[in-house]
Amino acid sequence: MIFPENMVKVEIISPVDQKDKVATEILKFGKIEVIEPAHPISNVRFEDARRELTAVQEHVNKIRLIMEIAGTPLEPRGRMKVDSSWTDVAKKLSEEASLEEFRYKELLEEIGKLKGEIDLYQAQLRELEPFSGIATDLSTLYSLETLDVALAVLTPEQLNKVRQNKDIAVETSSLKDGKYACVLISRRNVISLDQVLKELGVRRFETGEGKSPYEVYKVISERIGELRKILEETRSSLIKKIRENEREFSELYGKLLTVRDALTLLSKGRVSEHFFQVEGYVPERDWKKLKSSLDQVALTESANPRRFGEEEEPPTYIRLPKSISAIESVVEIYGTPSYWEISPLVFLVITFPLLFGLMFPDVGNALVLLIFAIFFHRYGVKKGSNNIKNLSLILGYSSVVAMITGFLARDFFGPLPVGGLKEMGIANVSGPLDSVWPVPVSVTEALSPLLPFGEYSTSTSIEHTIILSILLGAIALFVSSLLGVVNAVKKRDPEFLVFEKLPLLVLYTVPLVIFGYGVTDPSHYFSTVGVLLGDILQNLLSGIHPNLSNPTSALAYGLIVWVEIGLIYNWIAKAIVLKRHDHASTGSALAMGFIEGGFEAAILLLSNTISFIRILVFALAHYYLLYAFSYMAYLVVGHPSLFALGTNPASIIILIIGNLLAIGLEGLVVFIQDMRLHFYEMFSKFYEGRGKKFEPLVASVELAT
């Protein structure tokens, strides 16, 4: 899970008449990604397979389109017998698929026709919308005896030109695209509006038979409503028809996917007069199993990939338990890990839910998010969207951790249900859940230095929570920088190691030393860290006269020197890279190296480290948002009574609004900020994400020969 699975490159050579059996066994094996042979035995391909592959892929696309239009998720299933060549199987299956598609042809054509007609009417509506409030027939408006009237859509430049003419009165309404819907009015026989519009290159707005824009807009809107109703009925008929034949449809889909993969394998191989050749990547631990399955029909050889000397990089395959495989979707937003680098999945599966829980500590709100995640997952299953399913699982994991931190913080939809008015400092009245809360008050009191909420909110607790938040960040940044060094060593790239990754490790060791220094005296952790921070500030202000009177002061001065050496190292490293690879002059390389490796690196060291204070900020924001709404609810009631707060309609509405804001707005913001901490602060130190995901050919249905 930390490193991608070791892969081996396999070459398979069989008698040409055994190629279909080879394809069948590989599909049954299901763990080989086929590539173009590096050393082909010939330049001849299996053209029949390539031709049939195009037809089969078209049928797969049509089936998916039917599924998408119907909104019906279908999983491939079933069994198919392969008693002839794969190309013959493909031809028969294409005929079967054509017949099946014909069953839905009329409904699909009707749906397409209705959608096209709706799109056409919507385009007309957009054109009519600026003038939809005009109820007068245009035939009447345009034929007035004394006034000349014209409706037109003008750009700001065109409108300015019209306004310069004192003989034209203009009424305007701004549109979303920056243009203006205009009514132009002039006296007849004084100026021709048609001529003015012609010079501007604008046409006069017209409606069919000169009807009023309001009437036409209304008729078209009603027609769109009718068409949408018909479209929904037609789509329902399609869904009903698919569900009536769901088993057959799923089996056909599974067969098509299987045949497609078989033809893909055959089309990427090479054929000589007597032999068939195919190459691919296989997980090393499964290599012997593949060799055993092909022993009767082919000769197989394997070779381990080399970091240098090969044009193609092996695909990345990471075995994950199903329970945490959803986390992979977050990593893939950044990019697939390279075969030669550490995967951040294990890192992410721990830190992502943990940081989310620390920023969103509320049992009630997290429970709502968990319920939403469950329904969101079901929606993803219904739509057949793996991204939706994975994101919902990640949200679910994060919500569970947020419930745990919420139990420790004694928060359930804000402070009232547990801490009550006592926690808010209003009256000595505890919440209704206080006596049944599973986490004893003694536990929360023991954690009070780290809980800057309610009755525990003091300047000391806030300072302690800031230090703890930065400690988490310092650990994450150090580990990220260390992983960058490990990746550089694994890639066997000395220049990348010495000039790119080692300077970062040197710099990001400093925050870890500073905020980890307190573990030398765990019982006085926060005061020990505070003393070291004070000594660092004192030594910075003392200039060339450092304070070395005690070990802590000496360490503080040493850390300052350490940062200076690290920044100089990074500056020189950047300058060398610029001179070697960008062919910059010495002066330019030194100047740009200072900006990127010195000044910018110093800013990033500071900003990346203190960026983790957002853990505290969002936790505080969440608590005090609900505190504020709880206090407003109390003010509505006017006296310290939880019963009155829970029965007064106005106070109930206020509490509901506050919690909806916390769940919807804060939940989304915390999720995004959690991703930002990983992508920007952590991943940027060690992860490139330029790999290619392992995509083996598989049999989507059970194969029988």
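These are my notebook entries on pockets, cores, salt bridges and a few single residues in a predicted model.

**Entry 1: the largest pocket**

I began with open space at the surface of the model. The largest pocket holds about 1200 Å³ of space. I then looked up its lining, which is made up of 37 residues. Closest to the pocket centre are Asn386, Lys693, Phe694, Glu695 and Pro696.

Next I asked which helices and strands each supply at least two residues of this lining. I noted strand 2 (33–35), helix 8 (246–268), helix 10 (328–334) and helix 13 (386–409). I also sorted the lining residues of the largest pocket by class, and wrote down 14 charged, 13 nonpolar and ten polar.

**Entry 2: the cavity**

I turned to enclosed space. Rolling a probe the size of a water molecule over the atoms shows where empty space is left. How many cavities of 30 Å³ or more does the structure hold? I found one. The volume of the largest cavity is about 50 Å³.

I listed its lining as Thr316, Ile318, Glu328, Val331, Glu332, Thr336 and Pro337. By class, the lining of the largest cavity comes to three nonpolar, two polar and two charged residues.

**Entry 3: the nonpolar cores**

I looked up the largest nonpolar core and recorded 70 residues. The members that touch the most other members are Ile12, Trp86, Val259 and Leu265. Helix 3 (residues 86–128) gives the most to this core, namely twelve residues.

There is another core apart from this one, with 62 residues. I noted Leu355, Val563, Ile615 and Met675 among them.

I then went back to tryptophan 86 and left aside its neighbours within four places in sequence. Its contacts include Asp20, Ala23, Thr24, Leu27 and Met80. Also in contact with tryptophan 86 are Thr258, Val259, Ala262, Leu263, Leu266 and Leu703.

**Entry 4: salt bridges**

Side chains of opposite charge can pair when their charged atoms come close. I counted such pairs using a cut-off of 4 Å between a side-chain nitrogen of Lys or Arg and a carboxyl oxygen of Asp or Glu. The count comes to 23 salt bridges.

I looked at the pair of glutamate 33 and lysine 692, where the closest N and O atoms are 2.3 Å apart. Glutamate 33 lies in strand 2, and lysine 692 is in the loop between helix 23 (649–686) and strand 10 (702–704), so this salt bridge ties together parts that are 659 residues apart in sequence. Is glutamate 33 buried or exposed? Glutamate 33 has 7% relative accessibility, so I put it down as buried. Lysine 692 has 42% relative accessibility, so I put it down as partly exposed.

The next pair I noted was arginine 204 with aspartate 148, with 3.8 Å between the closest N and O atoms. Arginine 204 sits in the loop between helix 6 (193–200) and helix 7 (213–244), and aspartate 148 is in strand 4 (residues 147–154). The two are 56 residues apart, and the pair links distant parts of the chain. Both arginine 204 and aspartate 148 are buried.

I also looked up glutamate 681, which forms a salt bridge with arginine 676. The closest N and O atoms of this pair are 2.9 Å apart. Glutamate 681 has a relative accessible area of 1% and is buried, whereas arginine 676 has 32% and is partly exposed. I noted one network as well, in which salt bridges that share partners join Glu36, Arg45 and Arg270.

**Entry 5: two single residues**

Where does alanine 298 lie? I found it in the loop between helix 9 (287–294) and strand 9 (299–303). Buried means under 20% relative accessible area, and alanine 298 has 12%, so it is buried. Leaving aside neighbours within four places in sequence, I listed its contacts as Ile12, Ile13, Ser14 and Val22. I also compared alanine 298 with tyrosine 142: they are 156 residues apart in sequence and 84 Å apart in space, C-alpha to C-alpha.

Serine 267 is in helix 8. Its relative accessible area is 9%, so I counted serine 267 as buried. Not counting residues up to four places away in sequence, serine 267 touches Arg45, Ala49, Arg50 and Leu53. From serine 267 to serine 237 I noted 30 residues in sequence and 39 Å in space, C-alpha to C-alpha.

Methods:
Residues numbered from 1 in each chain as written. Predicted model: local features only at pLDDT ≥ 70, side-chain atom pairs only at ≥ 80, totals over all residues. Heavy atoms only, no water. 1 Å grid on protein atoms, 1.4 Å probe; cavity = no way out; pocket = protein on both sides within 12 Å on 5 of 7 lines; lining within 4 Å. Points joined across faces, edges and corners; volume = space filled by probe spheres on them. Helix = DSSP H or I, 4+ residues; strand = E, 2+ residues; numbered from the N terminus. Nonpolar A, V, L, I, M, F, W, Y, C, P; charged D, E, K, R; others polar. Core = buried A, V, L, I, M, F, W, Y, C linked by side-chain atoms within 4.5 Å. Buried < 20%, exposed > 50% of the residue type's maximum accessible area, 1.4 Å probe, protein only. Contact = heavy atoms within 4.5 Å.
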